[in-house]
Every structure is written in C-alpha cells, then in structure tokens.
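Reader: I want the reasoning behind the labels. Show me the structure, then I will ask.

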Amino acid sequence: MNKLPEHITEALLAKYFAGEISEEEKLIVDQWKAHSEEAQITYYQWEALWLDLGNFGESPKPVEVNVEKSWEELLTKRENQIPQISSPFGSWMKIAASIAVVFGLFAIIYQLNKPADLILAQTESSISKIVLADGSTVTLNKYSTLEYPEEFLSENRPVNMSGEAFFDITPDLKKPFEIKVGEGLITVLGTSFNIKSSRNTDTISVYVQTGKVRFDFANQELVLTAGEKGVLITKAELLQKEQPEPSGLDQFWRTRSLTFSGQKIPYIIKSLQSAYGNPIILDSDAIKACSLTAKFENEELEEILEVLSITLNLVVEKKSGSYILTGEGCTDQ
Amino acid sequence: MEEPEHTHQIINIREEAVFEALFKKHYAELVNFGNKYLNDPEQSKELVQEVFLNIWQKSEILKIQTSVKSYLFGAVRNAALNQIKHQKVQQKYQDRVRFNTEEPETVDFLELDELKTSIENALNKIPEKCREIFELNRFEGKRYKDIAEQLNLSLKTVENQMGKALKILRNELGDYLPIVLLLISLHGGKI
C-alpha cells in the first residue's frame with residue numbers, strides 16, 4: 001500500500017475532497033500528486049475511497065429521470081454508432097465473436113442490413129491486417145475500425161474508418177478508392193499511405209508513403225504526394241500540409257522503427273516518449289546540445305536508452321516508470 | 001485466462017427484449033448512483049447510457065458472475081471514477097492517455113454489496129464523536145464551519161477528526177484497495 005508523505009496528512013486530503021481547503025494548501029496537494037506517477041496512483045486511491053464513501057449518504061437531490069425518453073435517446077445513439085450487428089451464422093459464430101472480443105483479438109462482425117454486404121472489422125488491443133476484395137491491404141492499429149464491402153460492386157471502392165490504419169491500395173484507374181474518415185474524404189487510385197483520426201485532438205492526418213492522394217473536407221481539397229503529410233483540424237475547418245516527423249514516428253506503430261539523422265536530444269526524447277509512452281525526463285541542460293544519428297528497429301526502449309547512454313555519455317536512471325537522463329554534455333560534437 | 005469457479009449466469013444482452021428490460025429496470029437507480037460520484041445529473045444520465053451502449057457493443061453474450069445488478073453498478077462506478085480521473089488528467093497527459101480514452105477494456109467489476117458491508121464495518125470502527133463529524137460532512141453535506149458550530153467545537157478539531165476518520169476507514173478497507181488499484185492500473189498512465 002502506498003504511504004502518504006509526511007506533509008500530506010489525511011486531514012489535508014479530507015479538506016481537499018470536501019472542498020474546505022485553502023488556496024495555499026490546495027497547491028501543496030496538487031504539487032504532490034503531480035510529482036510522480038506513484039503519487040498520482042496513491043491520490044486516486046484516496047479519491048476513490050472518498051467517492052465510494054459518498055454512496056452511503058443521501059444523494060443531494062434525487063435525479064429526475066424519464067426512463068422512456070432516455071431509452072429513446074439510447075436507441076438513437078446506438079443507431080448512430082458502429083452499425084448494427086446481425087449475424088447470418090448460427091450462435092457458434094456469436095460465441096466465437098464474443099470470445100474474440102473478450103480476448104482482445106480481432107473480431108469481424110458480418111452485417112447484412114445493407115444492399116452491399118458490409119463487413120465491420122474492429123480491433124481491440126492488437127494490430128490486424130485485412131485483405132480487401134481487390135487485393136488492397138489495410139493494417140489496422142489498436143482500437144480502430146474499418147467498414148468495407150465484401151465485394152466492390154459500385155463505380156468506386158468506398159470504405160469507412162476510425163482510429164488509425166495504413167493502406168496499401170491495389171491500382172485500379174477506373175475505380176477510385178474512397179475512405180471516409182470523420183468529416184474527411186480521402187480519394188486515391190493506387191498508392192500507400194497512413195490515416196490517423198484522433199478524437200482527443202480532433203484531427204485527421206494522412207501521411208503518404210507512395211503515389212498520390214486527394215484529401216477532401218467540405219469544399220477544401222489537398223493533394224498529397226509521396227513523403228507529404230496533410231492534417232485536418234475538424235473544429236477549425238482547417239485542412240493543411242504539415243512537416244512529417246523526420247524520425248518516422250508517424251509510422252512507428254506499424255514499423256516499430258525510428259531513424260535519427262543528427263537531431264538534437266530534445267527531439268529524440270520527444271519521439272521516444274510518444275513512440276513508447278514512457279515519460280523521459282531530461283535532467284541536465286548541458287546534454288540538450290547533443291545529437292544522434294542512428295536507426296532503431298524493433299528495439300525495446302531500454303535498449304535504445306542504453307545506446308544513447310553509451311554514445312552520448314549519459315546516465316540513465318529509472319524511477320517509477322519514468323527515465324531520467326543526466327550527463328556532462330557533448331564537447332566533441 | 002483463468003476463470004474462477006463461479007456459476008455463470010448467461011444473458012443474451014443482444015436480445016432486444018432483454019436489453020430493454022435491463023435498461024428500464026435499472027436506469028433510474030443507476031443514474032442516481034452515478035450522480036453520487038459525478039454530482040451532475042446530465043452527465044450521470046449520459047454516463048449510464050454510455051455504459052449500456054458499451055455493453056451492447058462489446059459482447060453478445062454477457063457472462064456474469066454475480067447478479068446483473070451488481071455488474072451494472074460496478075460498471076457505472078468504474079466509468080464514473082474513470083471520467084473523474086480523465087477530466088483531471090486530460091490537460092496534462094493528453095497524448096499519453098490517448099489510447100485509454102478511446103476504448104477502455106472491460107474491467108473487473110466490484111462486488112458492490114461486499115463493498116457496502118465492508119464500509120459499514122469500517123464505519124463502526126470509528127469512535128462515536130469522530131464518526132458523527134464525518135457523517136455530518138460526507139453523508140449530510142454539512143460544511144466544516146456548520147459542524148463546528150453545531151457540536152460546539154473548534155474548526156481545527158473538525159479538520160483533525162475528519163482526517164482521523166478517513167485514516168481509520170482507509171486502514172480498515174485495505175482489502176478493497178487492490179480492486180481500486182487494478183482499476184487504476186488498467187486505465188492508468190501506461191499505453
């Protein structure tokens with residue numbers, strides 16, 4: 001069980017949760033919990049306890065609920081979500097599907113409500129590769145969805161997606177391939193590219209690896225060629241080109257590879273942080289001027305940090321999930 | 001994946017009638033329950049609907065090891081705690097929590113009745129006066145100032161007694177903490 005540090009008393013936490021705390025005291029608690037991941041977990045344990053205890057009291061005011069109206073709302077939301085599932089197969093298929101979901105694997109759910117048979121692929125905690133009827137392949141990142149027809153019968157090749165995916169499209173000049181993602185539409189003839197939509201930042205970004213891609217939003221249009229990246233900020237209705245990450249970070253989820261060619265340490269740290277998700281803290285200004293040229297493929301973060309520490313003469317320390325880098329700096333560079 | 005040797009109650013949640021009945025039977029109570037955490041009626045309604053949508057989407061057959069009711073309350077509690085957590089964390093760690101916010105995995109639910117019993121037992125361990133102060137604040141929503149006046153105590157005493165009560169509860173409820181911990185680590189900072 002995580003212990004509280006001496007200056008954070010239970011009385012102080014009680015005041016904090018009860019809203020009886022002064023500005024200065026609040027700062028003390030805020031600083032403590034922002035200090036480390038460990039402190040944050042400890043804080044959430046106490047907060048959960050406080051909230052759970054609240055269940056025993058009277059609710060401030062019972063919430064008035066219109067069950068019928070809420071049920072209707074729920075139905076509408078359900079319709080607007082990922083399309084309805086109705087399996088043409090027996091119950092074994094349903095069981096198989098639910099098992100796949102439970103185990104965090106890849107689940108394909110067949111849907112027969114629409115004229116062209118649409119297939120909904122949804123990933124949970126693993127990446128999946130899907131081959132479409134025209135031979136195109138789609139690598140679907142974790143927690144992403146792709147809806148596609150079993151066969152491409154119309155004049156184009158329409159699919160819907162959310163989350164992140166890499167497309168490698170089989171060329172067909174007569175049938176453009178169309179990807180609907182959020183409010184954006186991406187049209188291609190034959191090429192490979194990455195699409196990422198993020199609900200958090202409200203953006204859709206497309207990175208083109210080979211060929212040419214057209215990115216449409218409302219009445220704006222952006223043509224992207226190999227090596228270019230386009231970003232749509234939906235709320236701002238802004239569609240524009242952006243510099244792709246020189247380290248290959250945009251593709252890291254799929255390639256597990258990062259390339260640095262003389263970038264400075266702050267950029268390298270930032271890339272490693274987003275790629276691996278562990279906080280890395282730079283604890284010395286002297287090393288900010290150091291730079292690195294290296295390619296890492298399929299390596300664990302600790303292995304990369306070891307390379308960094310040897311080549312740049314750094315000390316790497318691990319502390320509750322974060323890595324702290326210190327060093328003298330690079331005089332010979 | 002190990003499964004405990006409970007008897008499973010199998011419910012086909014994708015049967016419209018089952019889904020609708022579950023929703024209509026428990027909705028009001030779940031909203032009130034969620035509201036004790038969120039203290040926002042609209043958000044609480046939204047939250048309970050989300051929980052139902054999630055259950056609908058996630059599985060066709062829901063394997064439930066306790067009562068359905070316990071499962072639903074556990075799910076609403078988890079969702080509420082996560083929402084509170086995310087609201088605070090969002091600003092700072094927006095990038096890091098990206099995957100977590102998208103589709104949280106189903107987590108183990110809490111045996112709510114068990115938790116209630118443990119909390120009751122823990123409350124009984126608090127000295128009488130101390131407990132009175134705690135209940136006046138936490139259960140009846142009285143301000144520290146008013147409690148001090150009502151019981152003829154100094155504000156400092158109320159503060160200290162609140163801390164003491166919280167400490168005892170935390171010590172007594174040690175057993176339940178691993179569940180919270182599991183919840184936090186599953187939804188926590190790691191991708």
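**Labels and the values behind them**

Reader: Why does A:N298 count as exposed?
Author: This is a predicted model, so everything here is read from predicted coordinates. A:N298 has 8 C-beta neighbours inside 10 Å. The cut-off for exposed is 12 or fewer. A:N298 therefore counts as exposed.

Reader: Where is A:N298 placed?
Author: In chain A, A:N298 sits in the loop between β18 (291-297) and α8.

Reader: What is the phi of A:N298?
Author: Near 50°. That is a positive value, and the residue is not a glycine. Most residues other than glycine have a negative phi.

Reader: What is the phi of A:E237?
Author: About 50°, positive, and again not in a glycine. A:E237 belongs to the loop between β14 (229-233) and β15 (238-242) of chain A.

Reader: Is A:E237 buried or exposed?
Author: Count the C-beta neighbours of A:E237 inside 10 Å: there are 11. Exposed needs 12 or fewer. So A:E237 is exposed.

Reader: Now the helices. What makes α1(A) roughly perpendicular to α2(A)?
Author: The angle. Helix α1 (residues 10-18) and helix α2 (residues 23-35), both of chain A, pack at about 105°. Their axes are 10 Å apart. The range for roughly perpendicular is 65 to 115 degrees. That places α1(A) roughly perpendicular to α2(A).

Reader: Which residues meet there?
Author: A:L12, A:K15 and A:Y16 come from α1(A). They meet A:E25, A:K26 and A:V29 of α2(A). By class, this contact of α1(A) with α2(A) has 3 nonpolar and 3 charged residues, and no polar ones.

Reader: Why are α2(A) and α3(A) oblique to each other?
Author: α2(A) and helix α3 (residues 37-53) of chain A pack at about 120°, with axes 5 Å apart. Roughly perpendicular stops at 115 degrees, and roughly antiparallel needs over 145. An angle of about 120° fits neither, so α2(A) and α3(A) are oblique.

Reader: By which residues is the contact made?
Author: α2(A) gives A:W32, A:K33 and A:H35. α3(A) gives A:A39, A:Q40 and A:Y43. The classes for α2(A) with α3(A) are 3 nonpolar, 2 polar and 1 charged.

Reader: Turn to a sheet. In what order do the 3 strands of the open sheet in chain A stand?
Author: The order is β17-β20-β19, with mixed pairing.

Reader: What makes β17 and β19 of chain A stand at the edges?
Author: Partner strands. β17 (280-282) and β19 (314-319) of chain A have a single partner each, so one side of each has no neighbour in the sheet. Neighbouring strands in this sheet are turned against each other by 25° on average, direction ignored.

Reader: How do you know that β19(A) and β20 of chain A pair?
Author: DSSP must find at least two bridges. β19(A) and strand β20 (residues 322-327) of chain A have 6, in the antiparallel sense. A:V316 stands opposite A:L325 of β20(A).

Reader: Which helix lies across β19 and β20 of chain A?
Author: Helix α8 (residues 301-312) of chain A, which runs at about 150° to β19(A).

Reader: How is confidence spread over chain A?
Author: Chain A averages a pLDDT of 80, and 86% of its residues score at least 70. Within chain A, α1(A) is highest at a mean of 94, and strand β1 (residues 107-111) is lowest at 36. Over residues 83-115 of chain A, pLDDT stays under 50. The model still has 48 contacts beyond four places in sequence for that stretch.

Reader: And what does chain B average?
Author: A pLDDT of 71, with 62% of the residues scoring at least 70. Among the elements of chain B, helix α7 (residues 144-151) has the highest mean, 95, and helix α4 (residues 98-102) the lowest, 32. Residues 89-109 of chain B stay under 50, with 34 contacts beyond four places in sequence.

Reader: How many helices and strands has chain B?
Author: Chain B has 9 helices and 2 strands. Along the sequence they read β-α-α-β-α-α-α-α-α-α-α. Of its 191 residues, 34% count as buried.

Reader: What does the model score overall?
Author: ipTM is 0.71 and pTM is 0.44.

Note on methods: Residues are numbered from 1 along each chain as its sequence is written. Chains are lettered from A and ligands numbered from 1 in the order in which they are written. This is a predicted model: local features need pLDDT of at least 70, side-chain atom pairs count only at pLDDT 80 or more; totals for chains, interfaces and linings use all residues. Axes are lines fitted to C-alpha atoms, for helices over the stretch in contact, and angles run from 0 to 180 degrees between N-to-C directions. Helices (H or I, at least four residues) and strands (E, at least two) are DSSP runs, numbered from the N terminus. Angles under 35 degrees count as roughly parallel, over 145 as roughly antiparallel, 65 to 115 as roughly perpendicular and the rest as oblique. Two residues are in contact if their C-beta atoms, placed from the backbone, lie within 7 Å. Ala, Val, Leu, Ile, Met, Phe, Trp, Tyr, Cys and Pro count as nonpolar, Asp, Glu, Lys and Arg as charged, and the others, Gly among them, as polar. pLDDT is the predictor's confidence in each residue, from 0 to 100. A residue is buried if 20 or more other C-beta atoms lie within 10 Å of its own, exposed if 12 or fewer, and partly exposed in between; C-beta atoms are placed from the backbone.
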